[in-house]
Amino acid sequence: NKLMSKRDQYVAKMKAELDEMNAQIDKLAAKSDDAKKELHDKYKQEMADLRAQSSAMSAKLEELRDAGEDSWDNMTAELDKIADAFKHSYNYFKSQF
């Protein structure tokens, strides 16, 4: 089924992006552990926010993986928005170092 392979390719692509973002977050977490005490709490909250966005993207990816053909296209747009927001938040946080 052509749609299934398109969906499978999209899911694999988004899963790879999510895995890469999670790896980058782990690197930032290690750096934030070295931050000065007064900044540590802020970084800890930002890190929690990034992890929450990661979880939301992962949940939406699972939902998309199980979606019917009729709702698949709408869900990709939604997942793209979640992924873009996640990347933006990550890049902002990274720029704070």
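**Exercise 1. Decide whether Q24 is buried or exposed in this predicted model, and find which side chain it joins through a polar contact.**

Solution. Begin with the location: Q24 lies in helix α1. Next take its relative accessible area, which is 18%; the cut-off for a buried residue is under 20%, so Q24 counts as buried. Finally, look for a polar partner of the side chain: a polar contact of 3.2 Å connects the side chain of Q24 with that of Y90, and Y90 is itself among the buried residues of α3.

**Exercise 2. Classify T76 and E69 as buried, partly exposed or exposed, and state which residues T76 contacts.**

Solution. Both residues belong to helix α3, as is recorded for T76 and for E69. For T76 the relative accessibility is 13%, so this residue counts as buried. For E69 the value is 45%, and because partly exposed covers the range between 20% and 50%, E69 counts as partly exposed. Turning to contacts, and leaving aside neighbours within four places in sequence, T76 touches Y10 and L64. For E69, a distance can be added: its C-alpha atom is separated by 9.1 Å from that of R7, although the two residues are 62 apart along the chain.

**Exercise 3. Describe helix α3: how many residues does it have, where does it bend, and which of its residues are buried?**

Solution. Helix α3 covers residues 69–95, which is 27 residues. From its first C-alpha to its last it reaches 39 Å, close to the 39 Å expected at 1.5 Å a residue. A bend of about 30° is nevertheless found at M75. The buried residues of α3 are W72, M75, T76, L79, A83, F86, Y90 and F93. To read this list, recall that an α-helix has 3.6 residues a turn, so residues three or four places apart point the same way.

**Exercise 4. Work out which elements build the largest nonpolar core and which residues have the most contacts inside it.**

Solution. The largest nonpolar core has 22 residues, and M14, M57 and F86 are those with the most contacts inside it. The elements that give two or more residues to this core are α1 (2–33), α2 (37–65) and α3. Of these, α1 gives the most, with eight residues. M14 serves as an example: not counting residues up to four places away in sequence, M14 touches M57, L61, L79, D80 and A83.

**Exercise 5. Find how many aromatic pairs there are, and explain why the rings of Y43 and F93 are classed as they are.**

Solution. The count comes to one aromatic pair. The ring centres of Y43 and F93 are 5.6 Å apart and their planes stand at 80°; since planes over 60 degrees apart count as edge-to-face, the pair is edge-to-face. This pair links distant parts of the chain, with Y43 in helix α2 and F93 in helix α3, 50 residues apart. Both Y43 and F93 are buried.

**Exercise 6. Summarise the protein chain: which elements does it contain, and what share of its residues is buried?**

Solution. The protein chain has three helices and zero strands, running α-α-α from the N terminus on. Of its 97 residues, 30% count as buried. For the contacts, consider those between residues at least 6 apart in sequence: 77% of them join residues at least 24 apart.

How values were computed. Residues numbered from 1 in each chain as written. Predicted model: local features only at pLDDT ≥ 70, side-chain atom pairs only at ≥ 80, totals over all residues. Heavy atoms only, no water. Helix = DSSP H or I, 4+ residues; strand = E, 2+ residues; numbered from the N terminus. Expected span 1.5 Å × (residues − 1). Bend = angle between axes of the 7 residues up to and from the residue. Buried < 20%, exposed > 50% of the residue type's maximum accessible area, 1.4 Å probe, protein only. Core = buried A, V, L, I, M, F, W, Y, C linked by side-chain atoms within 4.5 Å. Contact = heavy atoms within 4.5 Å. Phe/Tyr/Trp six-rings, centres within 6.5 Å; stacked < 30°, edge-to-face > 60°. Polar contact = N/O pair within 3.5 Å; in protein donor to acceptor, adjacent residues only side chain to side chain.
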